[in-house]
Amino acid sequence: MSIFLARSCGAALLLTVSAQGALADLSAKDVWSDWKSYMTGTGYEVTATESMSGDTLTVSDLSMMMPIPDEEDVTAGLSMPEIKFTENSDGTVSILVPKEFPLTVRASEDDDKLTVNLIITHDGTPVTVSGDSENMTYDSATSEIPMALDGLEATGEDIPQDAIRGTVSLSDMVTKTTMSLAGVRSYDQTWTASALSYDLGFKDPDSEDFASFNGAMQQLQAHGTSTVPADLDKSGDFSALLAAGFGLDTDFSYTSGTSAFAFQDGSDSLTFDSTSGGGNFGVAMDASKLTYDVTQKDMAFNVTGSDIPFPLALSMAEAGFNITIPLAKSEEEQDFALGVALRDFAVPEMLWGMVDPAGALPHDPASVVLSLTGKGKVLFDVFDAEAMEKVEDGEVAPGELNAVTIQELLVSAAGAKLTGTGDFAFNNDDLTSFDGMPAPSGEANLSLTGANTLMDKLIEMGLMSDDDAMGARMMMGMLAVPGEGEDTLNSKIEISEDGKILANGQRIK
């Protein structure tokens, strides 16, 4: 991770739509001075021409350049032609940029340079800033904000106009951002949009090869909070940044979406399109932990390609992933979590027909779900390069695993289903009983249905031998007992603190 993330997000926040409202007077210079203070404080070199005329401050030829931490001779920045800050009679300030204006993004390393020219358009509605110099609220609403690629130049060479295209557009966007200064900068932002669309494409000027990617999302909503230290460390030390108070917590959702991808490389081709019934993405980070939580629902995919013998149509009711990772070095136990969910994954009958032409197996959608929580210790600074090197070399233990809870286990396919829960503690003082692994103690409760029926059908289809099935049934007989339902097996696996392993009360180790 890079400190550039914090700086870039903050600058983008200040230079795009934002929002808030209060009851004290603001001046145009108050708002612009705060922008400059933030941008220079986060490492940007800011240049601009300022001109005050009546109640309007015009900032023209704005340029922001910044060296990239941990990268020698690498700089990045952006520029825009004009911003007007106008003082209103009610004590607020209006921020106005032209209805259509260019935005230039530059990056350079030694003699290599990259320039990206964008054109941004909006309906001309200004952003309104209210409050006072310590607490500002930015309110914005616009019917549409299209952003289009207007040229790309790399190391002095113009990329042909038709070789690359890119447009992104937001419709009916409303935002509100509250910014306050109290030792750290705190932001609280909400925004909504009725739709987002995007269209990206690349074409080789010397051949018919191309790639394109486009799609749309409907009814978008987002809410986020963040804190940025007033005295931001400019060395690129992300650990110092977190220790100084940097943090964020953001959640984004949408109600439906579509996407399409097409690729051509000589005789090789691939097309892919998908629809989604909505989803959400959440990320939170501070000095103690990092959390991701992503979910998509009601997805459908269609895939064709030169290396795919027939079109594939796949669907899934839900796909999700979540993880919580402790970041802080501590002798105290910290929470962690991991979850993966693939629910009701269905493949077309044409694909089933290649494996099961007679329809002997149930063709029900398959699911795989695993949800774990636990406690552990992080024994090194995750963002300390020297400490990480020692961990990689085996000089320092990365941490300790203290406890794991299996909240949910589900595997179902072809008529068989495995479910389970469990709860285990780990003794880090005993690394011999289980071959270098901290000795576990606790129990897991498992239930398996339809396994014998599935094996019978696999034998009939010639996909499983009698010997293999006999071995599997003997293993199930050792670890499980019949349940209440037909073709149901239950198993209670216990591990005692002295290393004994029992299955349904019978010792197996």
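On a 1 Å grid over the protein atoms alone, a pocket is an open set of points with protein on both sides within 12 Å along at least five of seven lines, a cavity is a set where a 1.4 Å probe fits but cannot get out, and lining residues have an atom within 4 Å of a point. Grid points are joined across faces, edges and corners, and a volume is the space filled by probe spheres set on them.

The model is predicted, with local features needing pLDDT of at least 70 and side-chain atom pairs pLDDT 80 or more, while totals for chains, interfaces and linings use all residues. Numbering starts from 1 along each chain as its sequence is written, and side-chain values use heavy atoms, without hydrogens and water.

Select first Ile-325, Pro-326, Phe-336, Lys-377 and Val-378, which are the closest to the centre of the second largest pocket among its 15 lining residues; the space there is about 240 Å³. Colour next the strands (DSSP runs of E, at least two residues): β18 (312-326), β19 (334-346), β20 (366-378) and β21 (399-413) each give two or more residues to this lining, and β18 gives the largest share, 4 residues.

Move then to β20 and β21, which run antiparallel and are joined by 12 bridges (strands pair if DSSP finds at least two bridges between them); here Val-368 has Val-411 of β21 as its bridge partner. Following β21 onward, a hairpin with 2 residues between the strands leads to β22, and Ala-414 in the turn has a positive phi of about 50°.

Finish at Asp-430, Phe-434 and Gly-499, which are among the residues lining the largest cavity, a space of about 30 Å³.
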